[in-house]
Amino acid sequence: MANRIITALDIGSSKVCSVIATVSDRNEPSVIGVSSVPSQGLKKGVIVNIDEAINSIANSLEAAERMAGLTVSSVYISINGKHITSTNNKGVVAVAQDEIVTDDVFRAIESARTVSIPPSREILHVIPREFIVDAQGGIKDPVGMSGTRLEVDAHIVSATSTALHNLIKCVQQLGLRVDDIVFSGWSASTAILTDTEKELGVMLLDVGGGTTSIVTFVEDAITYSGSVPFGGSNVTNDLAIGLRVSLEDAERIKLNAEELIKSKPPESEATKRRKEVTGKGKNEEKPKEKQKDVIDISSLEVDGVNTISKKLFGEIIEARMGEIFDLVATQVEQSGNEASLPAGIVLTGGASLLPSITKAAKKIFGVPARVGYPRGLTGLVEEISTPAYSVAQGLILYGMHDEGIGKSASSGMSPIKSS
């Protein structure tokens, strides 16, 4: 059987990333085309300028197509923004025959779908959390079981019609078909979280440029989906003010922070002269101690600034990320979902590589925190192996299950589509 082509389009606030992969029946998806370009026409996950957004998407897609050596006709796209909300609802149906068939499962999910939402919103996902057959719960795949009553506990994610249709319009203007629209948090979770983490209870935070997506799991079932309109760009603004540099320079310092901190601090002229006079004696220990709190940014050629305080840099990041995590904790609490998180917090997205971010997460949530790297793809993955590309990799995995399993409700990856 010929390999299927799956194309993922992660349309974010800071970048538009396109990934083209081939999927065979037996192997993992293999990436054959990748491209990432700066995003324009989007703010906090929502399109604010159609023409600029179309240009960004076109540039990213064309570059990925050139690398892959083919033209794509359809794409899976991500959606994000504070307009994303979720709720949990149940659906019940009577089983028509002696045993449960796929049709019964779909009828149960359709029944759960009949939740009252405002006319200005549309359902993105109906994700089965568990099935209940004649009062026996905890069932992941009821097909083939005997029973007379089938109940499904489903997680429903919705978005505003305006944001949804503007996104679809941008893609359709380029002559492409939309295979599905996926909430970025749900997409990232498929590439990041392990089965053990989902079973124990975990919160995934996809910290992007303008938004932070939230997804929580308890007992291998998704319990909450949402988003807060703050991310890495807020950290850049704070750094620009705190370090007294331009926004462009603050962004470069932020992006190169990890490497700069690891690099050896610069030596002052006084230290060099002292070395020449005293050699490698005890006297050089004190200057070294002083230099520990300094980050050398001379390689970035920032106007008038060669070094910055490591302590100040860390405090700025911790303060802003702590504020974002506080908002996340409040939002999850207000939704009525008590997040039990023995597996802790998993951070992903471009801003998750900031120094001190896991420290801030541990402090706010009081549980372990780690940075999650995407996995599950082969091929040309070097460029998309960092947390910034978790959503793009997750979209490919979502598409693989979506097409391969034929939208089976039991897959938990591909719920019934909204359109």
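Modeller: Before we start, a salt bridge here means a side-chain nitrogen of Lys or Arg within 4 Å of a carboxyl oxygen of Asp or Glu. Also, keep in mind that this is a predicted model.

Colleague: Fair enough. How far apart are the closest N and O atoms of R149 and E151?

Modeller: The cut-off is 4 Å from nitrogen to carboxyl oxygen, and R149 and E151 do form a salt bridge. Their closest N and O atoms are apart by 3.0 Å.

Colleague: Which residue is linked with R149 and E151 in a network of salt bridges?

Modeller: R149 is partly exposed because its relative accessibility is 40%, while E151, at 11%, counts as buried. The network of salt bridges that links these two also takes in K90.

Colleague: What about D153: which residue does it pair with in a salt bridge?

Modeller: D153 sits in strand β10 (residues 149-160), and its partner is 24 residues away in strand β8 (residues 121-133). Both partners are buried. With the closest N and O atoms 3.2 Å apart, the partner of D153 is R129.

Colleague: And R252 with D249: about how many helical turns separate them?

Modeller: Their side chains meet in a salt bridge at 2.7 Å, N to O. R252 counts as partly exposed at 32% relative accessibility, and D249 as buried at 13%. Both lie in helix α7 (residues 247-255), and they are three residues apart, so the separation is about one helical turn.

Colleague: On to α1. What should its 19 residues span?

Modeller: The helix runs over residues 50-68, and the rule is 1.5 Å a residue. The end C-alpha atoms agree with the expected span, which is 27 Å.

Colleague: Which residue contributes a side-chain oxygen at the start of α1?

Modeller: Look at the backbone nitrogen of D51. The side-chain oxygen that reaches to within 3.2 Å of this nitrogen belongs to N49.

Colleague: Which helix is included in what covers the buried residues of α1?

Modeller: Those buried residues include I54, I57 and L61. Strands in the cover include β1 (4-11), β2 (15-23) and β3 (30-38). Alongside the strands, the cover includes helix α3 (161-172).

Colleague: Before I read too much into it, what does the chain's pLDDT average?

Modeller: Of the residues, 87% score at least 70. Over residues 281-289, though, the pLDDT is below 50, as it is over residues 404-419. Where pLDDT is low, don't read the predicted coordinates in detail. The protein chain's average is 84.

Notes:
Residues numbered from 1 in each chain as written. Predicted model: local features only at pLDDT ≥ 70, side-chain atom pairs only at ≥ 80, totals over all residues. Heavy atoms only, no water. Helix = DSSP H or I, 4+ residues; strand = E, 2+ residues; numbered from the N terminus. Expected span 1.5 Å × (residues − 1). Buried < 20%, exposed > 50% of the residue type's maximum accessible area, 1.4 Å probe, protein only. Contact = heavy atoms within 4.5 Å. Polar contact = N/O pair within 3.5 Å; in protein donor to acceptor, adjacent residues only side chain to side chain. pLDDT = per-residue confidence, 0-100.
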